[in-house]
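Hi everyone, thanks for making the time. I'd like to walk you through one model today, going from the whole chain to a few side chains.

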Amino acid sequence: MQRDEILRQAEQLVNGKRAEDYGDAYENHCRIAEGWNIILRSALLTHGEIKAVHVTLMMDWLKTSRILNTINHEDSWVDKAAYSSLGAEFADKEQ
């Protein structure tokens with residue numbers, strides 16, 4: 001795939017369906033940053049670093065932030081369930 005095709009597809013996503021589903025990109029990223037900061041502070045306080053389990057929490061929060069704009073976005077609900085299941089598995093591994 002050529003770079004110009006990648007850029008055309010990206011432009012269609014950020015100005016099309018994704019913008020409809022997730023709302024204003026800046027506002028969404030601000031919401032994501034708020035949640036990730038909370039998770040990061042806790043990870044550093046309790047573990048001294050970010051572990052794989054913390055990444056699953058961060059990805060779950062990303063999906064939560066997106067769902068806030070389109071509450072019935074099925075793909076995001078499925079992704080949240082997947083990240084939760086991975087988080088539980090990773091928590092056991094990291095104990």
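**From the whole chain to its salt bridges**

So, of the 95 residues in this protein chain, 25% count as buried. Please keep in mind that this is a predicted model.

Let's look at the fold. The chain has 5 helices and 0 strands, and along the sequence that reads α-α-α-α-α. How does the radius of gyration compare with the globule rule? The value is 16 Å, while the rule gives 12 Å for 95 residues, so the chain is more spread out than a compact globule. If you prefer box dimensions, the C-alpha atoms fill roughly 45 × 30 × 25 Å along the principal axes.

What about contacts along the sequence? Taking those between residues at least 6 apart, 55% join residues at least 24 apart. As for the surface, the chain exposes about 6,900 Å², and 57% of that comes from carbon and sulfur atoms.

One spot on that surface is worth pointing at. Leu 44, Ile 50 and Val 55 make up a nonpolar patch, with about 250 Å² of accessible area together. Leu 44 belongs to helix α3, which covers residues 25-47.

Now for the charges. How many salt bridges are there? The count comes to 7, and I'll show you a few of them.

Let's begin in helix α1, residues 3-15, where Asp 4 and Arg 8 sit 4 residues apart, about one helical turn. These two form a salt bridge, and their closest N and O atoms are 3.8 Å apart. For those of you thinking about the cut-off, a salt bridge here needs a nitrogen within 4 Å of a carboxyl oxygen.

Arg 8 has another partner: its side chain also meets Glu 5 in a salt bridge, at 3.2 Å from N to O. That pair lies in helix α1 as well, 3 residues apart, again about one turn. Put together, Asp 4, Glu 5 and Arg 8 are linked in a network of salt bridges.

Are these three buried or exposed? Asp 4 is partly exposed, at 41% relative accessible area. Arg 8 is partly exposed too, at 45%, and so is Glu 5, at 28%.

My last example is the salt bridge between Glu 49 and Lys 51, at 3.1 Å from N to O. Here Glu 49 is partly exposed at 39% relative accessibility, and Lys 51 is partly exposed at 27%.

That's my tour, and I'm happy to take questions!

Technical notes. Residues are numbered from 1 along each chain as its sequence is written. This is a predicted model: local features need pLDDT of at least 70, side-chain atom pairs count only at pLDDT 80 or more; totals for chains, interfaces and linings use all residues. Side-chain values use heavy atoms; hydrogens and water are left out. Patches are made of residues with over 30% relative accessible area and no salt bridge: like charges are joined within 9 Å, nonpolar side chains (Val, Leu, Ile, Met, Phe, Trp, Tyr) within 5 Å. Accessible areas come from the Shrake-Rupley method with a 1.4 Å probe; for residues, only the protein chains shown count as cover. Helices (H or I, at least four residues) and strands (E, at least two) are DSSP runs, numbered from the N terminus. The radius of gyration is taken over C-alpha atoms; the globule rule is 2.2 Å times the number of residues to the power 0.38. Buried means under 20% relative accessible area, exposed over 50%, partly exposed in between (1.4 Å probe, protein chains only). Contact means heavy atoms within 4.5 Å.
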